Amino acid sequence: MRKGHIVQVIGPVVDVGFPPDAGLPDIHDALVLEKKRPNGEVEKIVLEVALQIGEGEVRTIAMQSTDGLQRGTEVIDTGGPISVPVGVETLGRVFNVLGDTIDLKEPFPESYPREGI
C-alpha cells in the first residue's frame, strides 16, 4: 500500500506527492484520505488520479469537497479505480458516484462484489 501526502489544493484539484522509491499510482487509481470535520467526525475523501506530473507527484480530482484539506495530510493509494457494488441486490437501489448508497436503505458491506468504473 503506497502512502503519500497532499502537496497542493486548488479547488477540486489536489496534487499528491509520493516518496521517490514508492513509484506513482496509475491514472484512474483511487486515492483516499481522512478529513476530520469540526464536529469530530471523520470523513473519507476519495481522489482520482488524472495526471502523473512527475518527480513523485500526481494530480487528482476530488470526488467530494476539498474544504479544510491541508498540505501534508496522508493519502493512501488503493491500487485500483473507484468501484461500485454490482449484483442482483443492487437493482432498484440508488448510489452516488463512489458506490455509496443514498436511498436511506442499509449500505452494502465492504466485502460485497464491486466493479471498477
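Leu 104 sits in the loop between β7 and β8, in what is a predicted model. Let's start with its backbone. Phi of Leu 104 is near 65 degrees, which is a positive value in a residue that isn't glycine. Most residues other than glycine have a negative phi. What about its surroundings: is Leu 104 buried or exposed? Its relative accessibility is 87%, so Leu 104 counts as exposed, the cut-off being over 50%.

Now look at Glu 55, in the loop between β4 and β5 (57-62). Phi of Glu 55 is near 50 degrees, again a positive value in a residue other than glycine. Glu 55 has a relative accessible area of 85%, so it is exposed too.

Back to the loop between β7 and β8 (114-116), where you'll also find Val 97. Val 97 has a relative accessible area of 47%, so it falls in the partly exposed class, which runs from 20% to 50%. Try finding Met 63 from there: Val 97 and Met 63 are 34 residues apart in sequence, yet their C-alpha atoms are 8.0 Å apart in space.

The same loop gives us a charged pair. Asp 103 and Arg 93 join their side chains in a salt bridge, with 2.6 Å from N to O. Both partners lie in the loop between β7 and β8, ten residues apart. And both Asp 103 and Arg 93 are buried.

How many salt bridges does the structure hold? There are six. Some of them share partners, and that sharing joins Lys 35, Arg 37, Glu 41 and Glu 43 into one network. Let's walk through part of it. Lys 35 pairs with Glu 43, and the closest N and O atoms of the two are 3.7 Å apart. Glu 43 also meets Arg 37 in a salt bridge, this one at 3.5 Å from N to O. So how hidden are these residues? Lys 35 has a relative accessible area of 12%, so it is buried, the limit being under 20%. Glu 43, at 17% relative accessibility, counts as buried as well. Arg 37 is partly exposed, with a relative accessible area of 36%.

Finally, let's turn to the empty space. Rolling a probe the size of a water molecule over the atoms shows where empty space is left. In this model, the largest pocket has a volume of about 350 Å³. Which residues are the closest to its centre? Of the 17 residues in the lining, they are Lys 44, Ser 83, Leu 98, Glu 110 and Arg 114.

You can also trace the lining back to the strands. β3 (29-36), β4 (42-54), β6 (74-81) and β7 (83-85) each give at least two residues to the lining of the largest pocket. What classes of residue make up that lining? Nine are nonpolar, four are polar and four are charged. Among the charged ones is Lys 44, one of the residues closest to the pocket's centre.

Definitions and conventions. Residues are numbered from 1 along each chain as its sequence is written. This is a predicted model: local features need pLDDT of at least 70, side-chain atom pairs count only at pLDDT 80 or more; totals for chains, interfaces and linings use all residues. Side-chain values use heavy atoms; hydrogens and water are left out. On a 1 Å grid over the protein atoms alone, a cavity is a set of points where a 1.4 Å probe fits but cannot get out, and a pocket is an open set with protein on both sides within 12 Å along at least five of seven lines; lining residues have an atom within 4 Å of a point. Grid points are joined across faces, edges and corners, and a volume is the space filled by probe spheres set on the points. Helices (H or I, at least four residues) and strands (E, at least two) are DSSP runs, numbered from the N terminus. Buried means under 20% relative accessible area, exposed over 50%, partly exposed in between (1.4 Å probe, protein chains only). A salt bridge is a side-chain nitrogen of Lys or Arg within 4 Å of a carboxyl oxygen of Asp or Glu.
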